[in-house]
Amino acid sequence: MMIAYLDQQLRLAPGTDVDPCGAGGEIHPDLAAASEDFGGVVRALPAAVHRPRSADDVAEVIRQALRYDHLTVAARGNGHSVAGQALAPGGIVLDMRTMSRMELVRGDGGQICADVGAGVLWGELLEWGVAKHGLSPASWTDYLGLTVGGTLSNAGISGQAFQKGPQISNVDELEVVTGDGERVVCSPKSRSDLFFGVLGGLGQFGVITRARIPLIPAPPMVRWIRVVYASFEGYKADVEWLVGRPEREGFDYIEGFAFVNRGGDPASGWESVPIGPSSVFDASLVPHGSGPLLYCLEVALYHQLHDGVDKRVDEMLRPLKYIRGLEFTAEVSYVEFLSRVNLAESAARANGSWHAPHPWLNILISASDVSHFDRHVFQSVLKDGIGGPMLVYPLLRAKWDPRTSVALPDSDVFFLVALLRFNQPYPIGPPVESLISQNREILKRCKSNGYDFKLYFPNYKTEPEWVRHFGQDWARFVDRKAMYDPRAILSPGQNIFSRAR
Ligand code: FAD
């Protein structure tokens with residue numbers, strides 16, 4: 001059945017790369033959708049799209065694809081990569097969204113967990129967990145329209161990661177189909193090398209078909225706060241102090257972003273700071289002589305109703321050295337807080353920037369280099385903003401398991417710098433080439449200044465670049481590839497290995 005299906009699909013589809021402008025021709029709708037991603041910069045037509053219902057379906061597709069010398073297989077979560085990582089040029093795309101089962105189970109240690117298909121969106125897990133069971137995963141991404149399998153193949157970070165670790169530090173068990181077509185259930189105790197390899201493994205060692213995620217009681221309410229700093233040094237000192245506080249004495253969520261010190265730019269100016277439509281940014285409070293950028297610390301405290309939250313928040317904010325008067329606060333439900341990016345998505349869809357190209361750049365940079373980065377990149381290359389959020393917030397290496405495949409800077413504290421460009425399509429917005437060349441300039445400065453940094457969602461084309469990216473862990477990455485996907489059939493869009501016969 002599957003052989004006939006593949007043979008038929010391979011005859012139907014040309015299976016070649018198409019140019020970035022998307023040259024015409026009769027393309028099956030599924031193929032068209034699977035030939036691009038959120039980035040909108042790279043396009044490649046697959047030969048076939050398959051919608052698996054089970055791990056056995058995934059295994060069968062992989063085994064059948066192995067019969068062909070050239071075929072590759074890419075699991076596609078929700079296609080929210082930005083550089084073609086979920087594409088399979090001339091190969092088979094597995095549309096993982098069909099694997100969407102969710103079940104409450106007890107983990108080995110008795111902990112309540114969600115057993116979820118890899119194609120479940122984090123937003124679906126949130127709604128199901130909270131509405132049906134009052135339970136929630138501990139670690140999130142900012143945006144929840146991402147799949148469990150997709151973020152676990154990278155890391156999955158947001159404002160909880162400083163305390164709870166990234167999403168890859170919050171998994172008890174995985175079901176994986178390797179590049180040999182073998183279905184394996186793995187965990188930190190069983191087949192642990194595959195378990196850790198797949199976490200942050202960029203889809204290279206297996207297709208995740210199911211993940212077991214520990215759940216915690218969902219708090220009813222969240223106090224959500226933003227405060228503003230005139231200097232990066234002031235922001236950095238406070239945010240680093242905050243992420244080092246003992247769990248019971250600190251906030252539950254800590255992020256921050258740089259924004260342009262002027263009005264009239266809702267995406268990255270003063271207007272991007274107030275929470276909700278009723279508060280306004282009083283620019284007269286910004287000290288004279290402040291630079292082109294200001295910095296916003298964003299924190300949240302989860303709480304029960306009527307539990308003295310005002311007093312706790314006052315005490316926690318008192319030692320911080322932000323500009324008094326530039327505080328913004330909202331009281332929202334837990335689900336509302338975690339879904340906060342939905343509003344930005346609606347606005348971006350309405351103004352056309354959701355469907356425009358997104359040449360994003362995400363960098364993890366050592367805390368000892370981030371001030372230099374602020375002076376020589378933020379305040380110079382990026383001083384006019386990027387048409388979207390410029391996140392900059394700290395993460396703690398101790399919360400990341402070194403056995404996973406993610407490459408990190410060497411330092412104990414490092415910052416995520418996320419340049420999330422939301423420009424309108426050219427010619428209303430800038431040409432995409434100018435944004436890509438700005439990214440290149442930033443990376444050039446990172447290298448020439450000798451920063452200790454790694455790309456988050458790395459996007460390299462050559463082996464020497466990948467060797468540099470993984471550093472001393474490159475040999476382990478290659479060994480894992482040889483062990484779990486020896487013919488390099490999986491996730492070709494990452495451009496790390498070439499398909500072997
Ligand atoms: P895809 O883009 O479809 O796939 C990503 C990679 O994983 C591909 O190589 C694919 O082959 C592989 N893959 C997908 N599913 C599987 C599977 N089941 N098994 C094995 N490999 C698989 N990231 C954060 O960490 N924090 C954020 O706050 C955050 N916010 C974002 C906001 C937006 C608007 C967007 C577009 C992205 C954001 N991301 C964030 C990035 C996101 O984590 C990545 O795009 C990630 O790839 C998940 O997206 P996806 O589920 O659509 O996966």
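Helices, at least four residues long, and strands, at least two, are DSSP runs numbered from the N terminus. With that settled, A488 sits in the segment after helix 15 (474–484). The model is a predicted one, and A488 is a handy place to start reading it. Its phi is positive, about 50°, although A488 is not a glycine. Most residues other than glycine have a negative phi, and most peptide bonds are trans. A488 is partly exposed, because 17 other C-beta atoms lie within 10 Å and the partly exposed class falls between 12 or fewer (exposed) and 20 or more (buried).

F457 also goes against that backbone habit: its phi is positive, about 60°, and it is not a glycine either. This residue belongs to the loop between strand 18 (453–455) and helix 14 (463–470). F457 has 19 other C-beta atoms within 10 Å, so it counts as partly exposed. A further backbone oddity is the peptide bond from Y426 to P427, which is cis, with omega near 10°. P427 is part of the loop between strand 17 and helix 13.

Stepping back to the whole protein chain, the division is into domain 1 (2–96 + 484–494), domain 2 (102–217) and domain 3 (222–455). The contact between domain 1 and domain 3 takes 5 residues from the former and 6 residues from the latter. On the domain 1 side, the residues that touch domain 3 split into 3 nonpolar and 2 polar, with no charged residues. The centres of these two domains, taken over C-alpha atoms, are 35 Å apart. As for database annotation, an unreviewed UniProt entry places the feature "domain: FAD-binding PCMH-type" at residues 42–218. In the model, the end C-alpha atoms of residues 42–218 lie 39 Å apart, and the span is 22% helix and 25% strand.

Next comes the ligand. Around it sit 35 residues, the closest being G77, Y143, G149, G150 and G203. Strand 2 (73–76), helix 5 (148–152) and strand 9 (206–214) are the elements that give two or more residues to this shell. Sorted by class, the shell holds 19 polar, 13 nonpolar and 3 charged residues. Where does the ligand lie with respect to domain 1 and domain 2? Both domain 1 (2–96 + 484–494) and domain 2 (102–217) give residues to the shell, so the ligand lies between them.

Helix 5 is also home to T151. T151 is buried, because 27 other C-beta atoms lie within 10 Å and 20 or more is enough to qualify. Setting aside neighbours within four places in sequence, T151 is in contact with T141, L146, G156 and Q167. A47 is another matter: T151 and A47 are 104 residues apart in sequence, and their C-alpha atoms are 25 Å apart in space.

F195, in helix 7 (residues 192–198), gives a further look at a buried site. F195 counts as buried because it has 24 C-beta neighbours inside 10 Å. Its contacts, leaving aside neighbours within four places in sequence, are with L174, C186, S187 and P188. From C-alpha to C-alpha, F195 and V176 are 8.4 Å apart, with their positions 19 residues apart in sequence.

Helix 12 (residues 367–378) has V370, F373, D374, V377 and F378 as its buried residues. Seen down the helix axis, these buried residues fall within an arc of 110°, so they line one face of helix 12. An α-helix has 3.6 residues a turn, so residues three or four places apart point the same way. The cover over the buried residues of helix 12 includes helix 8 (232–243), strand 12 (253–260), strand 13 (293–303), strand 15 (361–366), strand 17 (413–419) and helix 13 (432–448).

Finally, L420 is located in the loop between strand 17 and helix 13. Is L420 buried or exposed? With 21 other C-beta atoms within 10 Å, L420 is buried. Apart from neighbours within four places in sequence, L420 is in contact with W360, G388, P389 and L391. The C-alpha atoms of L420 and N362 are separated by 8.1 Å, although the two residues are 58 residues apart along the chain.

Terms used:
Residues numbered from 1 in each chain as written. Predicted model: local features only at pLDDT ≥ 70, side-chain atom pairs only at ≥ 80, totals over all residues. Near = placed C-beta within 6 Å. Nonpolar A, V, L, I, M, F, W, Y, C, P; charged D, E, K, R; others polar. Domains from an automatic or database assignment. Arc of directions from axis to C-beta. Contact = placed C-beta atoms within 7 Å. UniProt positions renumbered as here; feature names shortened; annotations may be inferred.
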